[in-house]
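Colleague: Could you take a close look at one part of this model for me, the second largest pocket, and then add whatever you have on helix packing? An informal walk-through is fine.

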Amino acid sequence: MNGWRRTHTCGELGAEEVGQSVVLMGWVDVVRDLGGITFLELRDRMGVTQILISPSSGADVKNTAKRVGSEWVVAVKGEVLRRAEDNVNKSVATGEIEVRADGIEVLSEAKTPPFELNEGVKVSEDLRLRYRYLDLRRAPMRRNLEKRSKLGFAAREYLVGQGFNEIETPFLTKSTPEGARDYLVPSRVHKGSFYALPQSPQIFKQLLMIAGMERYFQIVRCFRDEDLRADRQPEFTQIDIEMSFIEPRDIYSLVEGLFVHMLRAIDIDVSAPFPKLRYDEAIDRYGSDKPDLRFGCEISDLGGVVRGSGYGIFESVLEGGGVVRAIVAKGCAGYSRKDLDNLEVSAKALGAKGLGWARWTDSELKSPLARHLGDDRMKQAFETAGGGVGDLLLIVAGERSRTSSVLGGLRIELAKREGWIREGEWKFVWVTEFPLLEYSESDGRWYSMHHPFTSPHPEDMDLIDTDPGAVRSLAYDVVANGYELGGGSIRIHNSGVQEKIFKALGLSDEEAKEKFGFFLEALQYGTPPHGGIALGFDRIAMLAVGGTSLRDVIAFPKTTSALDMMTGSPSDVTSAQLDELGIALKKV
């Protein structure tokens with residue numbers, strides 16, 4: 001830099017520095033040539049300072065200023081001047097001053113960027129990801145990553161203050177093909193054998209509890225080879241926590257305090273304790289195991305109202321063990337027939353066979369169902385669901401879980417359409433007592449709903465052999481605004497119980513030993529009761545910055561097809577590399 005040293009950033013100069021000689025370094029944001037004078041807006045990550053090139057700046061400075069362009073990197077030496085009152089820019093922190101340039105040094109020239117880097121300019125996401133290093137210069141992305149950094153620091157600060165040790169666990173580990181697909185890494189030394197990148201440090205953090213660490217955490221990268229969505233990435237970051245000698249309430253208290261502390265670091269206030277819902281209660285009331293509690297519109301059961309009405313569809317559903325359920329859309333009695341038809345299309349896309357509706361206007365209650373149920377029964381249905389004059393009633397009949405799912409989806413659609421969700425509001429909830437196992441009809445076997453190390457509920461231990469689907473677990477998710485932000489459980493600390501769960505999952509003794517033999521052996525050396533949780537750090541950051549995609553808070557993310565558009569990965573490798581690994585590619 002030819003001996004120049006930066007004295008200040010572009011975001012810190014103010015009236016108190018007037019008269020000082022300063023050196024600033026950064027990117028040229030804007031050039032305004034007004035003939036006799038030229039203005040440069042110089043930008044670094046801390047802010048923007050206006051640079052004045054006046055007739056007194058000297059010929060060399062003026063000539064250099066005339067040739068610089070947008071995104072050139074320059075150093076400026078000059079005196080801080082107070083702006084005239086009518087030229088003060090109140091929208092920036094340095095708006096009271098400008099720097100008159102006495103010297104300009106070009107540190108790096110720049111090609112014309114493929115898109116404007118101004119905050120309000122709309123740019124396609126593919127182009128942003130292709131030139132991510134330029135996209136990260138934009139103020140919104142910079143602010144997002146700064147907030148993410150503050151959240152991470154606050155998490156470490158809080159957990160260390162609670163007596164936790166941060167301990168790293170391996171990235172090259174053993175493949176355990178349960179749940180999502182692993183990313184496999186071939187071994188050069190042991191040809192034909194593979195490591196797997198961890199989907200979670202689950203086994204290792206439990207081994208740390210067996211090792212007597214008692215309180216562990218790690219902000220760790222994890223990997224899952226699965227289909228992606230806006231809130232999924234193949235590599236992601238989680239705040240991983242494990243504790244010994246605890247019950248679920250200890251996790252609840254710790255995590256609530258963690259969220260309060262983290263969000264306060266970026267000026268978001270939330271209150272604890274968080275409410276709790278059992279899994280079955282969340283499904284029945286909100287149609288989801290990650291309910292959004294920022295608005296009402298809860299699901300109600302109309303079975304008691306419509307039973308005995310003689311309406312064939314409802315009667316046959318109820319006789320077959322199904323349900324008739326409904327939600328009330330407050331203030332939506334004015335929906336047109338087209339609006340209602342669109343809602344029915346949504347309901348069918350969610351799995352419903354049809355959608356019943358009723359509108360209660362000031363003058364009358366209208367519904368195609370009225371001729372089957374009668375006006376009195378229709379009004380009773382409205383009132384049972386918590387509705388009245390001015391409201392819209394939406395009814396779905398069918399199998400219990402499907403009906404809840406459909407109404408849960410309609411509930412979210414209505415909230416977005418009607419603006420029921422207040423900007424900036426946070427509503428947390430714990431969802432507890434998940435089913436331990438879920439049955440796959442296609443595979444003809446049971447799978448763990450969370451993972452195979454989750455402890456069954458003590459009251460349901462005897463049901464594992466006789467009625468596996470009825471067994472509750474000591475598992476819990478922390479949810480905010482309709483997003484699952486973390487999941488965890490009390491773990492199995494008894495080797496006999498762990499073997500019993502493996503058998504329920506269809507693993508033979510030989511398979512269990514092959515996949516988890518080292519862990520089963522470790523359980524026999526004095527394992528404390530323990531449990532923990534993994535919090536999705538990317539997702540927390542996304543919500544905290546008001547984003548809609550994880551790509552808003554990850555510096556170098558992948559696309560929804562797991563491509564890195566900037567580096568061009570995944571990519572081919574040479575035949576020599578494959579030969580060294582003992583791998584031959586199969587044509588498909």
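Modeller: Sure, let's start with the strand β7, which contributes the most to the lining of the second largest pocket, with 3 residues. Keep in mind that this is a predicted model. The space in that second largest pocket comes to about 660 Å³. Its lining counts 20 residues, and those closest to the pocket centre are Y183, L184, S569, P570 and S571. Going by elements, β7 (183-186) and α18 (575-581) are the ones that supply two or more residues to this lining. As for chemistry, the lining of the second largest pocket splits into 13 nonpolar, 5 charged and 2 polar residues.

Now for the helix packing. Two packed helices are described by the angle between their axes and the distance between the axes. Here the pair is α10, covering residues 337-349, and α13, covering residues 400-418; they pack at about 135°, and their axes are 10 Å apart. Angles over 145 degrees would count as roughly antiparallel and 65 to 115 as roughly perpendicular, so α10 and α13 are oblique to each other. The crossing of α10 past α13 is right-handed. On the α10 side, the contact is made by D339, L343, S346 and A347, and on the α13 side they meet V406, L410, E413, L414 and R417. Sorted by class, the residues of this α10 and α13 contact are 5 nonpolar, 3 charged and 1 polar.

Terms used. Residues are numbered from 1 along each chain as its sequence is written. This is a predicted model: local features need pLDDT of at least 70, side-chain atom pairs count only at pLDDT 80 or more; totals for chains, interfaces and linings use all residues. Side-chain values use heavy atoms; hydrogens and water are left out. Axes are lines fitted to C-alpha atoms, for helices over the stretch in contact, and angles run from 0 to 180 degrees between N-to-C directions. Helices (H or I, at least four residues) and strands (E, at least two) are DSSP runs, numbered from the N terminus. Angles under 35 degrees count as roughly parallel, over 145 as roughly antiparallel, 65 to 115 as roughly perpendicular and the rest as oblique. A crossing is left-handed if the near helix is turned anticlockwise from the far one by less than a right angle, and right-handed if clockwise. Contact means heavy atoms within 4.5 Å. Ala, Val, Leu, Ile, Met, Phe, Trp, Tyr, Cys and Pro count as nonpolar, Asp, Glu, Lys and Arg as charged, and the others, Gly among them, as polar. On a 1 Å grid over the protein atoms alone, a cavity is a set of points where a 1.4 Å probe fits but cannot get out, and a pocket is an open set with protein on both sides within 12 Å along at least five of seven lines; lining residues have an atom within 4 Å of a point. Grid points are joined across faces, edges and corners, and a volume is the space filled by probe spheres set on the points.
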